[in-house]
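Q: Please take a close look at one loop residue and at what surrounds it, and then relate it to other parts of the chain. Please explain each term as it arises.

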Amino acid sequence: MGEIATQLAGAVGAGNLLTGDAISDDYAHDEALSTPGQKPAYVAKPATAEEVSALVKIAAAEGIPVTARGSGSGLSAAARPVEGGLLVSFERMNSVLEIDTGNHVAVVQPGVTLAELDAKTAEHDLTYPVYPGELSASVGGTVGTNAGGMRAIRYGITRGNVSGLQAVLATGEIIRVGGRMSKISSGYDLTQLIIGSEGTLALVTEVIVKLQPRLPHGATVLAPFDDFEQVMAAVPKIAASGLAPQILEYIDNMTMAAMVYNDKLELGVPAEIRDRTQAYLAVALENRVADRLGEDVETLGELLVELGATDAYVLEGNAARKLIEAREKAFWNAKAAGADDIIDVVVPRTAMPQFMAKARELAMATGGGALGCGHAGDGNVHLAIFCKDPDTRSQLLTDIFGYAYELGGAISGEHGLGRTKTKYYAKLEDPAKLDLLRRVKESFDPAGILNPGVLFAQTGK
């Protein structure tokens, strides 16, 4: 071992430090499609916040860039390490430390997956409602990107569901922000600042998440529409209906066809209706009382038909579960189909029809395509981009993101900017805002060692 490796091994134990050929390719990337992998010089696997602190102190003294990694399921390359850098993998910090039923919170380490947390909370008839569509994602990773997902229309995104954090700063100092209380008005809200910062401000070592009652009854209604404009016009009316949907998803006809084929879905939609459908809405409802759920489902079905749906198909039990699971795997279907990039632009909900039409038009003009689905309830559009030439694709994305800005939107609603969208952010965002954000970054990380190249142009080693 070299001198630095010896120091790092001293912090976490020799068996928890990887170097050279011992570092597998899996540590070189996340699931971003457009960014090549990069192996770090070191992979450390700490077990405590104190060990993370020791690692960061060594990195700071030696000028080594540091990247945090949870499950590696992100789509923006924020978990891709830097050449010569240190990757801090939280795979050993994977415990649910406490389910606090009195305060309706759970205290968890960052390496806990959403599936593991869901299993623990189910024992208490509670749930952590953030549901980004990949249950293998780590809680720490979802905090880093401020993940949202299909349930955001009812329960909000990560920022609204995390009340406190423990984190290690670039100096190695360990801080606690927020707590188990439901509100706070004492100074700057550092909890919310660290959430969504993609590992550029601090390394999160503990998370306090808010829990909700786990409702026992649910159903999903699938509504095909012949007219794309009617689909999008229906969304705000459903959201305002008082039915409080848990999920309100838009799925275009091509994406649905791929889901049906790949996942062997039996949805009960006749072929003659499928053939003329442009897009679908999938609306999930839940309730603690079965009869009330039934009444809401009937009301929803009637409303969908009034709003232009060809029909409304009620899916319960296994059929509903399989549809939602297939929607979760839309990324993998797009990847298997040869998509060149995945984007998750967010625009005001009422601007979705304009944005979708323009994005498709821009993609078709390059000889490529833009297909997908999205969280219709909150304006978050997920598109698979098919455009092989890198230069053409770069201009296409600039145009698509630029149009989102014109509509009052942003480049990413939940995947984060990572390394894949940084150049577009630098080009399209307000320069005054960027300068302010850089000053925030510099105050947290003056040496620029935390995830250099993410959000901003690389400033570290």
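A: Contact here means that heavy atoms lie within 4.5 Å of each other. The model is predicted, so local features need pLDDT of at least 70 and side-chain atom pairs count only at pLDDT 80 or more, while totals for chains, interfaces and linings use all residues. Residues are numbered from 1 along each chain as its sequence is written, and side-chain values use heavy atoms, with hydrogens and water left out.

The residue chosen is R180, which is placed in the loop between β9 (174-178) and α6. Helices (H or I, at least four residues) and strands (E, at least two) are DSSP runs, numbered from the N terminus. R180 has a relative accessible area of 34% and is therefore partly exposed; buried means under 20% relative accessible area, exposed over 50%, and partly exposed in between (1.4 Å probe, protein chains only). When neighbours within four places in sequence are left aside, R180 is in contact with E98, D100, N103, V105, V107, S163 and I208. R180 and K210 are 30 residues apart in sequence, and their C-alpha atoms are 8.5 Å apart in space.

A further loop residue to consider is H104, which sits between β5 (96-100) and β6 (105-108). H104 has a phi near 55°, a positive value in a residue other than glycine. Most residues other than glycine have a negative phi. H104 has a relative accessibility of 33%, so it counts as partly exposed. D125 also has a positive phi of about 55° although it is not a glycine, and its place is in the loop between α3 (114-122) and β7 (126-127). With a relative accessible area of 55%, D125 is exposed.

The loop between β7 and α4 (139-145) holds L135, which is partly exposed because its relative accessible area is 31%. Residues up to four places away in sequence are not counted in its contacts, and L135 touches T113, L114 and A115. L135 and G413 are 278 residues apart in sequence and 19 Å apart in space, C-alpha to C-alpha.

Helices can be examined by their ends and by their sides. The expected span of a helix is 1.5 Å times one less than its number of residues. Helix α2 (residues 49-62) has 14 residues and reaches 20 Å from its first C-alpha to its last, close to the 20 Å expected. Its buried residues are A49, V52, S53, L55, V56, I58 and A59. Just after α2 comes G63, with a positive phi of about 70°.

In helix α7 (residues 228-239), the 12 residues should span 16 Å, and the end C-alpha atoms are 18 Å apart, which agrees. The buried residues of α7 are F228, V231, M232, A234, V235 and I238. They cover an arc of only 155° around the axis, which puts them on the same side of α7; the arc is that of the directions from the helix axis to the C-beta atoms. Among the elements that cover these buried residues are β12 (217-225), β13 (247-252), β14 (279-287), α10 (290-306) and α13 (352-365).

Helix α16 (residues 431-444) has 14 residues and reaches 20 Å from first C-alpha to last, close to the 20 Å expected. L434, K441 and F444 are the buried residues of α16. Seen down the axis, these buried residues fall within an arc of 80°, so they line one face of α16. They pack against α6 (190-194) and α15 (422-428). The face turned away from the buried side of α16 carries the exposed residues A432, R439, E442 and S443.

K427 belongs to helix α15. At 58% relative accessibility, K427 counts as exposed. K427 and F225 are 202 residues apart in sequence and 37 Å apart in space, C-alpha to C-alpha.

Finally, a search of the whole structure finds 1 cavity of 30 Å³ or more. On a 1 Å grid over the protein atoms alone, a cavity is a set of points where a 1.4 Å probe fits but cannot get out, and lining residues have an atom within 4 Å of a point. The largest cavity has a volume of about 30 Å³, a volume being the space filled by probe spheres set on the grid points, which are joined across faces, edges and corners. Its lining consists of L75, S76, I342, I343, D344, H415, G416, T420 and K421.

Technical notes: On a 1 Å grid over the protein atoms alone, a cavity is a set of points where a 1.4 Å probe fits but cannot get out, and a pocket is an open set with protein on both sides within 12 Å along at least five of seven lines; lining residues have an atom within 4 Å of a point.
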